[in-house]
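Subject: Structure handover

Hello,

Here is the structure we talked about, for you to take over. Please open it alongside this email; my notes follow below.

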Amino acid sequence: MSRVLLIEDDRAVREGVTLTLRRRGHEVEAAPTGEAGLVALESFRPDLVLLDLMLPDKSGFEVCRRIRATQQIPIIMLTARGDDIDVVLGLEAGADDYIVKPARGEVLEARIRAVLRRAAPSDGGPDPAVTQPAETHGDLTVDRAGLLVSKNGQDLALAPSEMKLLLYLSATPGRVFSRQQLLEHVWEHSYHGDARLVDACVMRLRTKVEDSSRSPKYIQTVRGFGYRFGPL
């Protein structure tokens, strides 16, 4: 199973989540502060980070940004309120998903499995083409098999959700997908999920692939409907 780094200052939550995940076969390293979590990130080398937003020394947002500065490891936020502005700020800082506390074991497991699949997706969209050569879309080169995206020859560091969203949209240029469709296929949220996940991911992705986020040519908004890739 996966190696999970849990950064959570509440002892009861930390021990409860650790026990739940270990019972499900995960290897867990728990840290009570942001700084301890950043140290453990280097020594434990997790597959995924569960990150509380409210930490005593560093905010979860700062920890998330520091992780994203060097690694594109999956990050799931732990938050007390799903409707809080903190969720938006956490997603904008680079988190891939969030879970509202307290969370049942099956919810934790489902989100962990989904975000890990996102980190190594088996297909790039509705019509899998993992064996085809790298594609060129304007200045972007997309290697689906190698999970690599470059712009003008420079590799782009994309978080798991950003990578899978780009792969999914670019598989069918010009096709419009609603936020709900993207939540189901990229985030694997089968219920009516939180559209903020999609919008925040699009915002982050545009800062990396577009020449101008204000005039996107790759990740385009179709007002009233959703998003599409191109056409260029």
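Leu-147 sits in the loop between β7 (140-143) and β8 (148-151). Its phi is near 55 degrees, a positive value in a residue other than glycine. Leu-147 is partly exposed, with a relative accessible area of 23%. Please keep in mind throughout that this is a predicted model.

Arg-45 also has a positive phi, near 50 degrees, and is not a glycine either. Its place is the loop between α2 (34-44) and β3 (48-52). Arg-45 is exposed: its relative accessible area is 59%, and exposed means over 50%. Why flag such residues? Most residues other than glycine have a negative phi, and most peptide bonds are trans.

The peptide bonds hold an entry for this list too. Lys-101 and Pro-102 are joined by a cis peptide bond, with omega about -5 degrees. Pro-102 belongs to the loop between β5 and α5 (105-119).

Now the sheet. Five strands form an open sheet in the order β2-β1-β3-β4-β5, with parallel pairing. β2 (27-31) and β5 are the edge strands; each has a single partner strand, so one side of each has no neighbour in the sheet. From one strand to the next, the twist averages 20 degrees.

Inside that order, β3 pairs with β4 (residues 75-79) in the parallel sense, over four bridges. One position to look at is Val-49, whose bridge partner in β4 is Ile-75. Helix α3 (residues 60-70) lies across β1 (3-7), β3 and β4. The helix runs at about 155 degrees to β3.

Next, two aspartates in strands. Asp-52 is found in β3. The UniProt entry, which is unreviewed, annotates Asp-52 as "modified residue: 4-aspartylphosphate". In the model, Asp-52 counts as buried because its relative accessibility is 4%, and the cut-off for buried is under 20%. What does Asp-52 contact, leaving aside its neighbours within four places in sequence? The contacts are Ile-7, Glu-8, Asp-9, Gly-60, Leu-78 and Lys-101. Lys-101 is also one of the two residues joined by the cis bond.

Asp-97 is in strand β5 (residues 97-100). At 0% relative accessibility, Asp-97 is buried. β5 stands at an edge of the sheet, so it is worth seeing what surrounds this residue. Leaving aside neighbours within four places in sequence, Asp-97 is in contact with Ile-75, Ile-76 and Met-77, among others. The list also includes Leu-91, Arg-111, Arg-118, Trp-187, His-189 and Leu-197. Ile-75 is the residue that partners Val-49.

Last, the cysteines. How many disulfides does a search of the whole structure find? Zero. A disulfide is a covalent bond between the sulfur atoms of two cysteines. The closest cysteine sulfur to that of Cys-64 is in Cys-201, 12 Å away, so the two are too far apart for a bond. The cut-off is within 2.5 Å. Looking from Cys-201, the closest cysteine sulfur is in Cys-64, again at 12 Å and too far for a bond. Cys-64 counts as buried, at 1% relative accessibility. Cys-201 is buried too, at 1%.

Over to you.

Best wishes

Key
Residues numbered from 1 in each chain as written. Predicted model: local features only at pLDDT ≥ 70, side-chain atom pairs only at ≥ 80, totals over all residues. Heavy atoms only, no water. Buried < 20%, exposed > 50% of the residue type's maximum accessible area, 1.4 Å probe, protein only. Contact = heavy atoms within 4.5 Å. Pairing = 2+ DSSP bridges. Axes fitted to C-alpha atoms, helices over the stretch in contact; angles between N-to-C directions. UniProt positions renumbered as here; feature names shortened; annotations may be inferred.
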